[in-house]
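Me: Please take a close look at the largest pocket of this structure. What lines the largest pocket, and which residues are the closest to its centre?

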Amino acid sequence: MESYYVTTPIYYVNDEPHLGHIYTTIAADVLARYQRLAGRDVFFLTGVDEHGQKVQQAAEARGIAPIALADQVVERYRSLWPELHITNNDFIRTSSDRHKKGVQAMWKRLQDGGAIYKDFYEDWYCVPCESYWTETQLKDADCWDHKHCPDCRRSVEKVQEESYFFRLSDYQQRLIEHIKNNPDFIAPASRRNEVLSFVESGLNDLSVSRTTFSWGVPVPDDEGHVIYVWIDALTNYLSALGFPDQEIPAYWPADVHLIGKDILRFHAVYWPCMLMAANLPLPKRVFAHGWWTVEGEKMSKSRGNALRPAELLAQYDADVIRYFLLREVPFGQDGDFSFTALKQRYNSELANDVGNLLNRSLAMLQKYRGGVLAEAGEEHASDRALIADIEGMQRDVAAHLDHQAFHLALERIGVVVRHGNRYVEENAPWALARAGDDARLDTVLYHLVETLRLIAIALLPFMPTRMAAMLTQIHGGSLPQEISFASQGGWGVLKAGHQSEKPQPIFPRME
Ligand code: MSP
């Protein structure tokens with residue numbers, strides 16, 4: 001069986017989960033579910049990033065040990081995922097022994113290959129972002145006068161310490177070639193160009209150890225040094241798979257790392273260079289999505305306006321949240337979350353379009369045939385057009401999801417939903433019943449129920465519980481034992497004599 005490995009970033013434990021974190025995780029879940037339906041052996045990883053100065057400081061401020069703080073926040077993530085119907089196969093904590101072992105092994109590989117050396121380090125450090133800036137970078141970004149971080153605009157501090165360095169500059173040429181030879185490696189394309197020009201402008205060696213705090217993975221044989229949090233964090237993608245016990249673990253290389261645009265440089269520059277130095281295969285793709293604002297405003301800790309999953313889940317079903325987040329904004333672009341937009345989309349696309357098709361189709365099957373399907377008769381042009389549209393949808397959705405274009409996949413499914421509703425009007429089953437045209441009525445009802453079923457299967461990765469409810473009604477009260485594209489994805493699975501249930505609204509209108 002072909003494997004598929006999808007990851008999310010591992011989330012910092014110095015903040016509680018918010019909209020940005022659930023976004024990536026939901027997107028990854030949709031890919032994982034889709035690939036499972038397509039028959040692939042999927043490994044879907046998420047987890048938490050626990051080390052670093054920020055967490056140590058936050059814990060100190062509360063008078064507790066860093067691990068105690070981490071334990072609290074980790075639980076918030078762990079318990080949230082089932083509520084959002086997330087089906088991760090594993091959850092990695094960077095404080096776990098399996099991870100620390102992986103990080104130290106990675107370090108040793110880099111060191112043994114001559115990619116790490118010891119020197120002195122003087123730089124500017126942004127504590128909140130955990131990022132280091134050179135004088136030149138600050139000057140270029142016009143941040144030198146007030147000594148502030150080009151990313152978050154808060155103050156940076158000067159630091160000088162003995163440090164290990166990673167020979168990032170040695171890999172510049174190879175990375176440029178890799179990006180050029182693998183056009184799908186970094187997405188979307190605009191981000192790829194951004195990374196390419198960053199790399200072409202020259203890479204400096206990277207300081208990869210710290211002596212100023214202790215909450216992290218110690219450098220092997222030099223315990224005064226802690227391994228730089230990004231080497232630590234990035235290695236999670238391998239340690240979770242059993243590296244180093246398995247040198248190139250099953251599922252590696254990842255099919256796609258889903259990340260936010262703010263951490264692209266770490267994933268598309270540092271990580272591939274580390275892997276080259278460690279002589280390991282590179283991930284196939286890194287996709288950087290955009291950022292959400294909420295009701296037109298940037299979410300920030302200081303403003304206290306971060307949208308928390310609990311607030312969302314109190315008002316909307318998880319499936320509706322999943323649908324909206326992936327439908328509203330093209331994946332890769334920034335977007336704004338608003339409750340008004342959510343309600344509008346829900347009412348027009350889910351309650352009206354999908355709900356209506358489900359309702360009227362199953363209701364007519366009840367009314368005219370007691371819920372029992374009969375054989376479809378001779379096909380008319382409108383029947384053939386509907387089937388062709390569904391088959392086109394299945395191909396298009398596969399292609400869109402291969403490129404993480406969730407919004408296009410949903411748009412395409414929406415085309416078939418509207419086609420289904422048009423088909424009802426064009427074929428007017430009520431008129432066929434009145435005219436006593438039984439053969440044609442049976443054919444139309446058959447096409448409607450099959451269409452519904454295949455729409456539900458296409459939407460299943462996005463809205464797993466609502467679509468399972470829809471399939472249950474179609475299948476007469478229980479789900480098929482196995483749902484896969486191979487077993488259920490084709491036209492004509494339902495046979496004459498098949499009994500469906502009375503329709504129950506799955507998307508009641510919201511006022
Ligand atoms: N710990 C690092 C990642 C290490 S991965 C080896 C980290 N953690 S984070 O918790 O700060 O951020 C996790 C993700 O949330 C990032 O991908 C970031 O882009 C995303 N988001 C944070 N705020 C966001 C929005 N407002 N909108 C969308 N995503 C956002 O970075």
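Reply: What follows describes the largest pocket and then turns to the second largest pocket. The model is a predicted one, and in it the largest pocket encloses about 1,800 Å³ of space. Its lining is made up of 50 residues, of which Pro128, Cys129, Asp262, Ile263 and Trp291 are the closest to the centre of the pocket. Sorted by class, the lining of the largest pocket consists of 24 nonpolar, 14 polar and twelve charged residues.

Several secondary-structure elements take part in this lining, and at least two residues each come from the strands β1 (3-12) and β5 (131-133) and from the helices α1 (19-37), α7 (189-200), α8 (229-234), α9 (236-239) and α10 (264-277). Among these elements, α10 makes the greatest contribution to the lining of the largest pocket, namely five residues.

The second largest pocket, for its part, has a volume of about 460 Å³. It is lined by 25 residues, and those closest to its centre are Thr134, Gln137, Asn204, Asp205 and Tyr270. Two or more residues of this second lining are given by each of β4 (116-126), β5, α5 (135-140), β8 (206-207) and α10, and β4 gives the most, with four residues. Here the classes divide into eleven nonpolar, eight polar and six charged residues. The helix α10 thus appears among the contributors to the largest pocket and also among those to the second largest pocket, and the strand β5 is likewise listed for the largest pocket and for the second largest pocket.

Definitions and conventions: Residues are numbered from 1 along each chain as its sequence is written. This is a predicted model: local features need pLDDT of at least 70, side-chain atom pairs count only at pLDDT 80 or more; totals for chains, interfaces and linings use all residues. Side-chain values use heavy atoms; hydrogens and water are left out. On a 1 Å grid over the protein atoms alone, a cavity is a set of points where a 1.4 Å probe fits but cannot get out, and a pocket is an open set with protein on both sides within 12 Å along at least five of seven lines; lining residues have an atom within 4 Å of a point. Grid points are joined across faces, edges and corners, and a volume is the space filled by probe spheres set on the points. Ala, Val, Leu, Ile, Met, Phe, Trp, Tyr, Cys and Pro count as nonpolar, Asp, Glu, Lys and Arg as charged, and the others, Gly among them, as polar.
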